[in-house]
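Student: I'm new to looking at protein models. Could you take me for a close look at the spaces inside this one, and then show me how its helices meet?

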Amino acid sequence: MGRAVTVATCALNQWALDFEGNLERILRSIDIARSKGARYRLGPELEICGYGCSDHYYESDTLLHSFQVLEKLLVSPATQDIICDVGMPVLHRNVRYNCRVIFLNKKILLIRPKISLANAGNYRELRWFTPWSKARHVEEYFLPRIIQEVTGQETVPFGDAVLATKDTCLGAEICEELWAPNSPHIEMGLDGVEIFTNSSGSHHVLRKAHARVDLVNSATAKNGGIYILANQKGCDGDRLYYDGCAMISVNGETVAQGSQFSLDDVEVLVATLDLEDVRSYRAEISSRNLAASKVNPYPRVKVNFALSCPDDLAVPTCMPVQWRHHSPEEEISLGPACWLWDYLRRSKQAGFFLPLSGGIDSSATACIVYSMCHQVCLAVKNGNADVLADARRIVNDETYIPEDPREFCKRVLTTCYMASENSSQDTCNRAKLLAEQIGSYHINLNIDAAVKAVVGIFSVVTGRTPRFSVYGGSSRESLALQNVQARIRMVLSYLFAQLTLWARGMPGGLLVLGSANVDESLCGYLTKYDCSSADINPIGGISKTDLKNFIQYCIENFQLMALRSIMSAPPTAELEPLVDGQVAQTDEADMGMTYAELSICGKLRKIAKAGPYSMFCKLINIWKETFTPREVASKVKRFFRMYSVNRHKMTTLTPSYHAENYSPDDNRFDLRPFLYNTSWSWQFRCIDNQVN
């Protein structure tokens, strides 16, 4: 009867402007789909050029090379007898669109431009593309000559249309359109579209995956249908990690689930589904059928091809599966680890250099690298030839096989404890023990000679010698002396990253890892151009609270018992003199707020869009059991003073893995001034009036 259709979706680790690699991964996914009997293959958003091209979208080269890749796809034997749905930018009548190009057997069936563009948070699609605003309208698109010569077509349909095959009807959505309040799948479903496709470029945020899954399942729960979602995965050259999760859903239930985090560059899901399940599901929803009888029809592109076979009664169809979500601690262990692996192999460096202080933040960063080593060994064990080839190139050994995470960690991670006269023996011991347990190549050094030399130059020039507060110096002197120590550590980090392997008779250089968390960045509790200034920072978008939970996860899952003493120690910068050999300086005392309080303020500032007055109004209720209104006002004022005084530091913040929606990343996500009137006189007066 032709009721069982076999379709494929995928998650591809595409890389911006890597046309060669992107083409290879697309072809590989099509090969896998065909080998498993699929008659339709869906890929991620803008997969031909890579999603993260940014201002390169303005360049005609990007359009040209995208069409050149499309030409290779059209003529490839791999794309015959399967409908291929690929993403690329297209210029139509001098307007640039984010498009799906759907083709079959060297013929382009439809070019479908994106209708709703993502333009919030990390997304700036309206900067490069224009949304297609002509609902249910199709125009002629004149193909470039290199495509005409392959397809024999001069023009093809361009616009908001659906495909009518011999056995069903398919309609496309592109990423943001699923999240829009007026998603196209609603009207398409009412017009008889049975299979909805969504090509996404959706990035990882902690605790976000369930929202995407719920949206996909709800899309067909009310209206019936088959929903197929493809997504980008990996680091394509930016702060974001695209987290896969390709999936297929039928009538509100997931029937196929892809991985959220993995080192596989190509992951393909194939499912066989019964169209009659959709038809019978819709038959009894009378409200849907009444609405369907009045819907404006979509233009249909007729396709002389079927997704099913005539004799398919014996073909088994897929059954619902239970979606398994990762815990936030698992997400921190896996997401940044995969991002680091992509960055390491694509930057062609030989490993990482991490200043390891013995505190929670740098220890969490070390654990993420250790988790990466686990993922690499597991991928190689499972037969991933790409990962094995990358690992061999990184360690410069063509016969090497990574089997033990600790042994691999020693090859790719160098940790360094940079002691000063203000450092305690406890933190030194903690750093050394953790390095031993994860297997990193560990260095101990002392920076006092360099600090004295720098301060000595100042003393020679000015005739004055600054002192710490405990020795009678002013707060300005004390802060300057702390900053010198921190900045010396940054200079030494880059020196050792460049030359440590050279000194050991090995080739290559190391990427410097930063380890400032999102809360410290938010209030500016870091020295500008200190060890927070690095090449990349895997924890820069993660809160202190989540990092503590992650450390506990590592104790339980990696048996890193050195982390127990690190967890129990109060966070400290160790930049002020010791008192009786013990640390007197703590982070929360310096900041005047706890990390938990900072996290709440950060979420209100960014996610709830709260200025000082609105934040105060919300916090007097949130904190009513803990603080008086006057105390709340004092904390709000302190937070905004710290935030605004230190906002300039965000302009030079190390590129960080984006994991939280209250990140203060100035590059693209959190656009604010960096020169504020830090008195906030009007705003604070409004707060004082309410307090009184």
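**Inside the model**

Tutor: Let's start with the walls of the largest cavity: its lining residues fall into six nonpolar, three polar and four charged. Here Ala, Val, Leu, Ile, Met, Phe, Trp, Tyr, Cys and Pro count as nonpolar, Asp, Glu, Lys and Arg as charged, and the others, Gly among them, as polar. Keep in mind that this is a predicted model, where local features need pLDDT of at least 70 and side-chain atom pairs count only at pLDDT 80 or more, while totals for chains, interfaces and linings use all residues. Residues are numbered from 1 along each chain as its sequence is written, and side-chain values use heavy atoms, with hydrogens and water left out.

What is a cavity? On a 1 Å grid over the protein atoms alone, a cavity is a set of points where a 1.4 Å probe fits but cannot get out; a pocket is an open set with protein on both sides within 12 Å along at least five of seven lines, and lining residues have an atom within 4 Å of a point. Grid points are joined across faces, edges and corners, and a volume is the space filled by probe spheres set on the points. By this rule there are five cavities of 30 Å³ or more.

The largest cavity holds about 90 Å³. Of its 13 lining residues, Tyr 51, Gly 52, Ser 54, Trp 128 and Arg 668 lie nearest its centre.

The second largest cavity has a volume of about 70 Å³. Among the residues lining it are Tyr 40, Asp 85, Arg 112 and Thr 197. By class, its lining has eight nonpolar, two polar and two charged residues. Strands S5 (107–113), S8 (162–164) and S9 (169–174) each give this lining at least two residues, and S9 gives the most, with three. Strands (E, at least two residues) and helices (H or I, at least four) are DSSP runs, numbered from the N terminus.

Now for an open space. The second largest pocket has a volume of about 340 Å³. It is lined by 15 residues, and Ala 120, Tyr 123, Glu 176, His 203 and Lys 208 are the closest to its centre. Its lining divides into seven nonpolar, six polar and two charged residues.

Next, the helices. Axes are lines fitted to C-alpha atoms, for helices over the stretch in contact, and angles run from 0 to 180 degrees between N-to-C directions. The axes of H22 (residues 612–622) and H24 (residues 681–691) come within 8 Å and cross at roughly 30°. H22 is therefore roughly parallel to H24. Angles under 35 degrees count as roughly parallel, over 145 as roughly antiparallel, 65 to 115 as roughly perpendicular and the rest as oblique. Residues in this contact (heavy atoms within 4.5 Å) include Tyr 613 and Phe 616 of H22 and Phe 684 and Ile 687 of H24. Seven of the residues in the contact are nonpolar, two are polar and none is charged.

H11 (residues 360–381) and H14 (residues 425–438) have axes that come within 11 Å and cross at roughly 5°. That makes H11 roughly parallel to H14 too. Ser 363, Ala 366 and Tyr 370 of H11 meet Leu 434, Gln 437 and Ile 438 of H14.

Lastly, H10 (residues 328–347) packs with H12 (residues 385–395) at an angle of about 60°, their axes 10 Å apart. These two helices, H10 and H12, are therefore oblique to each other. Their contact has five nonpolar, no polar and three charged residues.
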